[in-house]
Amino acid sequence: LEAGKEVFVVAEAVSGRHTLDHDLALGRMGKAGAHIISREMVFFEWLRSAAAPHFKALSKKYLQ
């Protein structure tokens, strides 16, 4: 963010020792300007549509 980059944080891809710490860190990053997103959001943005050729196979592997 300080370098002027648009930052996206996948909530399920980061962790903390305690749930509270995880939640507070995500909130703090969001308030600082980072986009907090889910892996499902990334998945659909990359594939663009459920009609994508590998949608079913990939969704079974990554969205379960």
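From the N terminus on, the elements of this predicted model follow the order β-α-β-α-α. That makes 3 helices and 2 strands in the secondary structure of the protein. The radius of gyration is 14 Å, well over the 11 Å that the globule rule gives for 64 residues, so the protein is more spread out than a compact globule. Measured out along the principal axes, the C-alpha trace spans about 35 × 30 × 15 Å. Of the 64 residues in the protein, 19% are buried. Contacts across the chain can also be sorted by how far apart their partners sit in sequence: among those between residues at least 6 apart, 50% join residues at least 24 apart.

A good place to begin a closer look is helix α1, which spans residues 19–32. His22 is found in this helix. With a relative accessibility of 18%, His22 counts as buried, because the cut-off for that class is under 20%. Leaving aside residues up to four places away in sequence, His22 touches Ala11, Val14, Ser15 and Gly16.

Past the end of α1, the chain enters a loop that leads to β2 (35–37), and Gly33 lies in this loop. Gly33 has a relative accessible area of 38% and is therefore partly exposed. Its C-alpha atom is separated by 30 Å from that of Leu58, a residue 25 places away along the chain.

Further along, the loop between α2 and α3 holds Pro53. At 79% relative accessibility, Pro53 counts as exposed, since the cut-off for that class is over 50%. Between the C-alpha atoms of Pro53 and Gly16 there are 36 Å, and the two residues are 37 apart along the chain. Gly16 has already appeared above, as one of the residues that His22 touches.

The two helices on either side of the Pro53 loop come together again in the description of the largest pocket. About 180 Å³ of space lies in this pocket. Its lining is made up of Arg39, Val42, Phe43, Trp46, Leu47, Leu58, Lys61, Tyr62 and Leu63. Both α2 (39–47) and α3 (55–62) supply at least two residues of that lining, and α2 gives the most, with 5 residues. Sorted by class, the lining has 7 nonpolar and 2 charged residues, and no polar ones. Leu58, the far partner of Gly33 in the 30 Å separation, is among the lining residues.

Phe43, another residue of the pocket lining, leads on to the aromatic side chains. A pair of aromatic rings is described by the distance of the centres and the angle of the planes. The structure holds 1 aromatic pair. It is formed by Phe43 and Phe44, whose ring centres are 5.6 Å apart and whose planes stand at 90°, so the pair is edge-to-face. The two partners fall into separate accessibility classes: Phe43, at 9% relative accessibility, counts as buried, whereas Phe44, with a relative accessible area of 33%, is partly exposed.

Technical notes:
Residues are numbered from 1 along each chain as its sequence is written. This is a predicted model: local features need pLDDT of at least 70, side-chain atom pairs count only at pLDDT 80 or more; totals for chains, interfaces and linings use all residues. Side-chain values use heavy atoms; hydrogens and water are left out. On a 1 Å grid over the protein atoms alone, a cavity is a set of points where a 1.4 Å probe fits but cannot get out, and a pocket is an open set with protein on both sides within 12 Å along at least five of seven lines; lining residues have an atom within 4 Å of a point. Grid points are joined across faces, edges and corners, and a volume is the space filled by probe spheres set on the points. Helices (H or I, at least four residues) and strands (E, at least two) are DSSP runs, numbered from the N terminus. Ala, Val, Leu, Ile, Met, Phe, Trp, Tyr, Cys and Pro count as nonpolar, Asp, Glu, Lys and Arg as charged, and the others, Gly among them, as polar. Rings of Phe, Tyr and Trp (its six-membered ring) pair if their centres lie within 6.5 Å; planes under 30 degrees apart count as stacked, over 60 as edge-to-face and the rest as tilted. Buried means under 20% relative accessible area, exposed over 50%, partly exposed in between (1.4 Å probe, protein chains only). The radius of gyration is taken over C-alpha atoms; the globule rule is 2.2 Å times the number of residues to the power 0.38. Contact means heavy atoms within 4.5 Å.
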